[in-house]
Amino acid sequence: MQCPKCHGTMETVVHQGFQAHRCQQCQGMWFAMGEAEHLKDAAETIDTGDASQGERCNQVDRIQCPVCVGARDLVRMVDARQPHIWYESCKYCYGRFYDAGEFRDFAEYDFGDWLKDRKVSTRF
């Protein structure tokens, strides 16, 4: 599988029978439908990317699903509970892509996230 952001090679990461794919270059992560919820407890272990690198990659938002055939565009999504987190999702296979460090942030909601959410700018 190729990374939808940088086109690097994705490696499979397995934790307690659930799997994700992590880009060997930009460290972004791809989750098949439902896998992200099962892997939240392992976020610190499997999302090994640098969050500042992820922020730079987050600027790239027109990407295609690495799984679906036929060049399906991913849709930019905002986590309702943590609106400072922007991830991409496929409306056909329901897979999700998180930039480096973004899944760790998604998996944990604390006071710092609450403060970040108060400073989020409007998105178009």
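Start your tour by selecting β1 and strand β2, residues 18-23: six bridges join these two strands, which run antiparallel. As you look around, keep in mind that this is a predicted model.

**Stop 1: the first hairpin**

Keep β1 and β2 on screen and pick out H15. Its bridge partner in β2 is F18. Next, select V14, whose bridge partner in β2 is Q19. Showing these residues as sticks lets you follow the pairing from one strand to the other.

Now go to the turn. The hairpin of β1 and β2 has two residues between the strands, and Q16 takes a positive phi near 50° there. Q16 is a residue other than glycine, with that positive value. Is Q16 buried or exposed? Q16 is exposed, with a relative accessible area of 69%.

**Stop 2: on to β3**

Add residues 29-31, which form strand β3; two bridges join β2 to β3, and these strands run antiparallel. Select R22 and look across to β3, where its bridge partner is M29. The hairpin of β2 and β3 has five residues between the strands. Within this hairpin, click on Q27, which takes a positive phi near 70°.

**Stop 3: the whole sheet**

Switch to a cartoon view and select every strand. What is the order of the strands in the sheet? The open sheet of six strands is arranged as β1-β2-β3-β6-β5-β4, with antiparallel pairing. Its edge strands are β1 (10-15) and β4, each of which pairs on one side only. Neighbouring strands of this sheet are turned by 30° against each other on average, with direction ignored. While you have the strands selected, here is a general point to look for: in a regular strand the side chains alternate between the two faces of the sheet.

**Stop 4: the full chain**

Zoom out and colour by secondary structure. How many helices and strands does the chain have? There are five helices and six strands. Followed along the sequence, they make the pattern β-β-β-α-α-α-β-β-β-α-α.

Try a surface view next. The chain exposes about 7200 Å², and carbon and sulfur atoms supply 49% of it. Of the 124 residues of the chain, 42% count as buried. Contacts along the chain are worth a thought too: among those between residues at least 6 apart in sequence, 50% join residues at least 24 apart.

**Stop 5: the segment before β1**

Return to the start of the chain and select H7, which lies in the segment before β1. H7 has a positive phi of about 70° although it is not a glycine. At 56% relative accessibility, H7 counts as exposed.

T9 is found in the segment before β1 as well. At 40% relative accessibility, T9 counts as partly exposed. Draw a distance line from T9 to C23: their C-alpha atoms are separated by 5.7 Å, and the two residues are 14 residues apart along the chain. Which residues is T9 in contact with, leaving aside its neighbours within four places in sequence? They are M1, Q2, R22, C23 and Q24.

**Stop 6: the cysteines**

Show the cysteine side chains. A disulfide is a covalent bond between the sulfur atoms of two cysteines. How many disulfides does the structure hold? It holds zero. For C6, the nearest cysteine sulfur is that of C23, 3.4 Å away, and C6 is in no disulfide. C6 is partly exposed, with a relative accessible area of 23%. C26 is in no disulfide either; the nearest cysteine sulfur to it, that of C3, is 3.7 Å away. C26 is buried, with a relative accessible area of 4%.

**Stop 7: two loops**

Select D41, in the loop between α1 (35-39) and α2 (43-46). D41 is exposed, with a relative accessible area of 80%. Add E108 to the view: D41 and E108 are 67 residues apart along the chain, and their C-alpha atoms are separated by 8.9 Å.

For the last selection, choose H84, in the loop between β4 (75-78) and β5 (86-89). Is H84 buried or exposed? H84 counts as buried because its relative accessibility is 18%, under the 20% cut-off. Finally, show the side chain of D105, with which the side chain of H84 makes a polar contact of 2.8 Å.

Technical notes
Residues are numbered from 1 along each chain as its sequence is written. Side-chain values use heavy atoms; hydrogens and water are left out. Helices (H or I, at least four residues) and strands (E, at least two) are DSSP runs, numbered from the N terminus. Buried means under 20% relative accessible area, exposed over 50%, partly exposed in between (1.4 Å probe, protein chains only). A polar contact is a pair of N or O atoms within 3.5 Å; within protein, one must be able to donate a hydrogen and the other to accept it, and residues adjacent in sequence count only if both atoms are side-chain atoms. Two strands pair if DSSP finds at least two bridges between them. Axes are lines fitted to C-alpha atoms, for helices over the stretch in contact, and angles run from 0 to 180 degrees between N-to-C directions. A disulfide is a pair of cysteine sulfur atoms within 2.5 Å. Contact means heavy atoms within 4.5 Å. Accessible areas come from the Shrake-Rupley method with a 1.4 Å probe; for residues, only the protein chains shown count as cover.
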